[in-house]
Amino acid sequence: MKRTLYRILGQHTPRLEDKLERQHARDQRLDVNFLLITLDSCRYDAFCDARTPVLDSFGRSLRAQSPANYTYAAHQSFFVGILPNVSEPVPYYNRFTRQLVGLIEVGETPKKQSTYFTVVSNRDAVDGFRRAGFQTVGTGAMNWFRQSSLTASFEQFEMLTNAEAQINYVLRSLDTSRRFFAFINFGETHDPFHYQGKLKPCPVRIQARRISWPPQESGLVGRKHEAYWHQVEAIEFVDRQLDRLFVALPANTVVVMCGDHGECFGEDGYWGHGINHPKVFDVPLGIFRLDRRPIEKPNGVLAHGPKPEA
């Protein structure tokens, strides 16, 4: 273990070596799997307006701030353990209180001592899970996942744009008797908000190219804009697909569900994402185990309860 950690990190101090060995010895005793689900472009208020009984059954999702304003940058952050962050000091939802997954000796190093699960890699956390013996299987809907810099650390990865096909792929690829890190980026919640069985297409495209510079708000925006409710419907569709996925996975799976970034529906003259606007950073975040047991019993209050109003 010690020589392996040295080789990966390029570190040569016994003090660091001993600390990492103790950290990993503790983490490797955790019998746990991880599933990261991203609802592409899903903003928080749209999630609150959506009927999501499957996700709601596992507890409340909180308003969080994404670390980035578009898919590629957001997932680069997620894959090193930097998830959307909530303002309240709730463990795992606020990484400055306690982080869920962390790369050893990267970022805010002192925080790693209280991190739920640590991995070692000079690339990203997905590679760290693989080095720790986890299966690493992923699928993404957005064309950013054509970039090997997002997918190279996965043992198996496939671009698929249909939620049913994505779930089938993950379930077919995993050996659920072994530990795993799985990932699904659902694209139905991204413009044009199309999903299997959708009857009425969204009449307008919600894209940043619509912005006139300097931006100036006009007409119906936000929840008053028809396209907003098309995203709400797409969120509801994805929620209906998740029951089959969750039932098929082991009970000791920790699920992280979040929007990778939000979306502007004309607020202040902004449309789409890839721009710095509060609505683009405003996303839902839920963290839970499939057996509905707490991830641990911290001194603080876990984020469980009824779904808030938008």
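**Fold, central sheet and largest pocket**

The protein chain comprises 10 helices and 11 strands. The model is a predicted one. Of the 310 residues in the chain, 57% are buried. Contacts between residues at least 6 apart in sequence were also examined: 70% of them join residues at least 24 apart.

Seven strands form an open sheet of mixed pairing. Their order is E2-E11-E8-E1-E7-E5-E6. Strands E2 (62-65) and E6 (156-159) stand at the edges. Each has a single partner strand, so one side of each is left without a neighbour in the sheet. From one strand to the next, the twist averages 15°. Towards the E6 edge, strand E5 (residues 135-140) pairs with E6 in the parallel sense, over four bridges. Within this pair, Val137 stands opposite Gln156 of E6. Helix H5 (residues 71-78) packs on the sheet. The helix touches strands E1 (33-39), E7 (180-186) and E8 (253-259). Its direction makes about 160° with that of E1.

Strand E8 lies between E11 and E1 in the sheet order. Seven of the seven residues of E8 are buried, so the strand is largely enclosed by the rest of the structure. Thr253, Val255, Met257 and Gly259 point one way from E8. Val254, Val256 and Cys258 point the other way. The two neighbours of E8 pair with it in opposite senses. E1 and E8 run parallel and are joined by seven bridges. Here Leu36 stands opposite Val256 in E8. Strand E11 (residues 282-289) pairs with E8 in the antiparallel sense, over five bridges. In that pairing, Leu285 of E11 is the bridge partner of Cys258.

Helix H9 (residues 226-248) contains His230. This residue counts as buried because its relative accessibility is 4%, under the 20% cut-off. Beyond its neighbours within four places in sequence, His230 is in contact with Phe193, Lys198, Lys200, Pro201, Cys202 and Pro203.

The largest pocket holds about 450 Å³ of space. Its lining consists of 26 residues. Met142, His190, Asp191, Pro192 and Arg205 lie nearest the pocket centre. By class, the lining divides into 10 nonpolar, 11 polar and five charged residues.

Key
Residues are numbered from 1 along each chain as its sequence is written. This is a predicted model: local features need pLDDT of at least 70, side-chain atom pairs count only at pLDDT 80 or more; totals for chains, interfaces and linings use all residues. Side-chain values use heavy atoms; hydrogens and water are left out. Two strands pair if DSSP finds at least two bridges between them. Axes are lines fitted to C-alpha atoms, for helices over the stretch in contact, and angles run from 0 to 180 degrees between N-to-C directions. Contact means heavy atoms within 4.5 Å. On a 1 Å grid over the protein atoms alone, a cavity is a set of points where a 1.4 Å probe fits but cannot get out, and a pocket is an open set with protein on both sides within 12 Å along at least five of seven lines; lining residues have an atom within 4 Å of a point. Grid points are joined across faces, edges and corners, and a volume is the space filled by probe spheres set on the points. Ala, Val, Leu, Ile, Met, Phe, Trp, Tyr, Cys and Pro count as nonpolar, Asp, Glu, Lys and Arg as charged, and the others, Gly among them, as polar. Buried means under 20% relative accessible area, exposed over 50%, partly exposed in between (1.4 Å probe, protein chains only).
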